[in-house]
Amino acid sequence: MTALKSVRGTRDLLPPETSLWNRIEATARAVFARYNFGEIRTPIFEDTSLFARGVGEETDIVSKEMYTWEDRARAQSEKSQSLTLRPENTAGVVRAYIEHKLGETGQLQKLYYIGPQFRRERPQKGRYRQFWQIGAEVIGPPSAGSESPLRDAEILEMLATFLDALGIAGSTLDLNSVGSAADRARYNDVLRAALVPLAPKMCADCRRRAVTNPLRVLDCKVPEDQPIIETLPKIGDSLGDDSRAHFVQVTAALDAAGVPYRLHPRLVRGLDYYTRTTFEFTHGGLGAQNALLGGGRYDGLSEAIGGPKAPGIGFAMGLDRLVLTLQAQEAERKTAPKADGYIAPLGENLNAPALALARELRRAGLTIELGDGSFRLKKSFEAAEKTALRIVILGEDELSSGMLTVKDFASGIQTKVPRSDLTRMLAEPSRS
Ligand code: ATP
Ligand code: MG
């Protein structure tokens, strides 16, 4: 029989890589908590119409990337229903905000999520069919200050802080404003007119979008279309006074906080309901899939899916791409994380005391690998050197005398250490 494999575009995440995933998730939780965000977990599948309305029919996501199926009724009393694996999480969060009447608290809701998303894309480096996002949303009634430019600036400052905390160096924040719904409608008309002579020279998607939703032409990734896109009118010139003033306040707050950014007049991002501020953080080390995260304001989204007026702003980061970026940085530094110690019992009769010792050290907070007494000493040393900074040898003599033999692999030094001193010694940085 042929062995089954994971489905194209999906993958297994294994140790030691998963420790990096855990570190990124833990950093996100810790940083977001300082800004008083709480976690939300929404279902992995939703009614298809949520995404059609909440992401937009004309977007790449809805028009070609969703995993959608007809869920058959199991009883006469049930109806069959079109369901979709979530391709993103903002629509689900806003649905939950409406469903649980979170707006009625009168408070801003500050919610973050961590979870898998699904899109039928062409798999390549940094692009998978099941991928992970960490995202956050600030949403609430206008009376709670949800439209304030300070919320936009705070979210961007939080992201800069998060990337710093992770140790990601060299990312760039691109920033733009796409204005209010009215500004966008005006700009769409300007674009539609400008595209009449140009669209016939563009890709099939752009020819269609030029008529149905000209703004989406700016999302086009086809290289040959980019020089044409460069000549199109800029949305900044279609902004009304309110949108302009809002954006000026966002950038002024970023300047005051010392968060660097670059103005990017053609950044519109993939969702139809984005208004005003839109942004993206990119990283040069990622190659073609260089977007680490994207986000923006979506003042009309709640109403588009049948809810009350609830302006909001949020972002979604590609966890897979954060991992790739950190792996590339760590490969440069050549430091794979290792356990603090490896306990090598000399003989199977020492397995039980070795477990007791491992328990003692782990309870003190150390990361410990536990070997096996059936291994010959040479095999123990080989296994230990691959996985840990030091080896701790536990033989009959060590057990009765309470003096353990410890070898530090980086320095090559072997010492005798009293058991009472072992925790402190293993916690010291190895001399590499
Ligand atoms: P891209 O331009 O890379 O297609 P997008 O505009 O489709 O991105 P968003 O929908 O804004 O992306 O999602 C936010 C982030 O999620 C992206 O910046 C990226 O880091 C990540 N992401 C999106 N699609 C994928 C995917 N198929 N595989 C891995 N990460 C992804
Ligand atoms: Mg995409």
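Here is a short back-and-forth on a predicted model, moving from its salt bridges to its helices, strands and surface.

Reader: Let's start with charges. How many salt bridges does a search of the whole structure find?
Author: Side chains of opposite charge can pair when their charged atoms come close. In this model the cut-off is a side-chain nitrogen of Lys or Arg within 4 Å of a carboxyl oxygen of Asp or Glu. Run over the whole structure, the search gives 23 salt bridges.

Reader: Take Arg 186 and Asp 183, then. Which helix holds them both?
Author: Their side chains meet in a salt bridge, at 2.8 Å from N to O. They sit 3 residues apart, about one turn of the helix, and the helix they share is α6 (residues 181-198).

Reader: Which of these words fits Asp 183, buried or exposed?
Author: Its partner Arg 186 has a relative accessible area of 42%, so Arg 186 is partly exposed. Buried means under 20%. Asp 183 comes in at 4%, so the word for Asp 183 is buried.

Reader: How many residues apart in sequence are the parts that Asp 299 and Arg 276 tie together?
Author: The two side chains meet in a salt bridge at 4.0 Å, N to O. Asp 299 lies in the loop between β10 (291-297) and α10 (301-304), while Arg 276 is in strand β9 (residues 275-283), so the parts they tie together are apart in sequence by 23 residues.

Reader: And what is the relative accessible area of Arg 276 in that pair?
Author: Asp 299 is buried, with a relative accessible area of 10%. Arg 276 is buried too, and its value is 14%.

Reader: Where does Glu 360 lie, the one that pairs with Arg 419?
Author: Arg 419 and Glu 360 meet through their side chains in a salt bridge of 2.9 Å, N to O. Arg 419 lies in the loop between β16 (414-418) and α15 (422-427), and the pair ties together parts 59 residues apart in sequence, because Glu 360 is in helix α12 (residues 351-363).

Reader: What relative accessibility does Glu 360 have?
Author: Arg 419 counts as partly exposed at 27% relative accessibility. Glu 360 also counts as partly exposed, and its relative accessibility is 37%.

Reader: On to helix α7 (residues 204-212). Within what arc do its buried residues fall?
Author: The buried residues in α7 are Cys 206, Arg 209 and Ala 210. Seen down the helix axis, they line one face of α7, because they fall within an arc of 110°.

Reader: Which residues are exposed on the other side of α7?
Author: Arg 209, buried in α7, is also part of a network of salt bridges with Asp 60, Lys 64, Asp 205 and Arg 208. The cover over the buried residues of α7 includes α3 (60-65) and α6. On the other side, the exposed residues are Ala 204 and Val 211.

Reader: Back in α6, which residues does Leu 191 touch, leaving out those up to four places away in sequence?
Author: Leu 191 has its place in helix α6. At 0% relative accessibility, Leu 191 counts as buried. Leaving out residues up to four places away in sequence, Leu 191 touches Pro 214, Leu 215, Leu 232 and Pro 233.

Reader: How far apart in space are Leu 191 and Asn 213?
Author: In sequence, Leu 191 and Asn 213 are 22 residues apart. In space, C-alpha to C-alpha, the distance is 9.4 Å.

Reader: Why is strand β12 (residues 341-345) largely enclosed by the rest of the structure?
Author: Gly 341, Ile 343 and Pro 345 point one way from the strand, Tyr 342 and Ala 344 point the other way, and all are buried. So β12 is largely enclosed because its buried residues number 5 of the 5.

Reader: Which residue in β13 does Tyr 342 stand opposite?
Author: β12 is joined to strand β13 (residues 368-370) by 3 bridges, and the two run parallel. Across from Tyr 342 in β13 stands Glu 369.

Reader: Last stop, the surface. What is the area of the nonpolar patch made by Ile 44, Phe 45 and Trp 69?
Author: Phe 45 is found in strand β2 (residues 45-47). At 45% relative accessibility, Phe 45 counts as partly exposed. The patch that Phe 45 makes with Ile 44 and Trp 69 is about 260 Å².

Technical notes:
Residues are numbered from 1 along each chain as its sequence is written. Chains are lettered from A and ligands numbered from 1 in the order in which they are written. This is a predicted model: local features need pLDDT of at least 70, side-chain atom pairs count only at pLDDT 80 or more; totals for chains, interfaces and linings use all residues. Side-chain values use heavy atoms; hydrogens and water are left out. Patches are made of residues with over 30% relative accessible area and no salt bridge: like charges are joined within 9 Å, nonpolar side chains (Val, Leu, Ile, Met, Phe, Trp, Tyr) within 5 Å. Accessible areas come from the Shrake-Rupley method with a 1.4 Å probe; for residues, only the protein chains shown count as cover. Helices (H or I, at least four residues) and strands (E, at least two) are DSSP runs, numbered from the N terminus. Buried means under 20% relative accessible area, exposed over 50%, partly exposed in between (1.4 Å probe, protein chains only). The arc is that of the directions from the helix axis to the C-beta atoms. Contact means heavy atoms within 4.5 Å. Two strands pair if DSSP finds at least two bridges between them.
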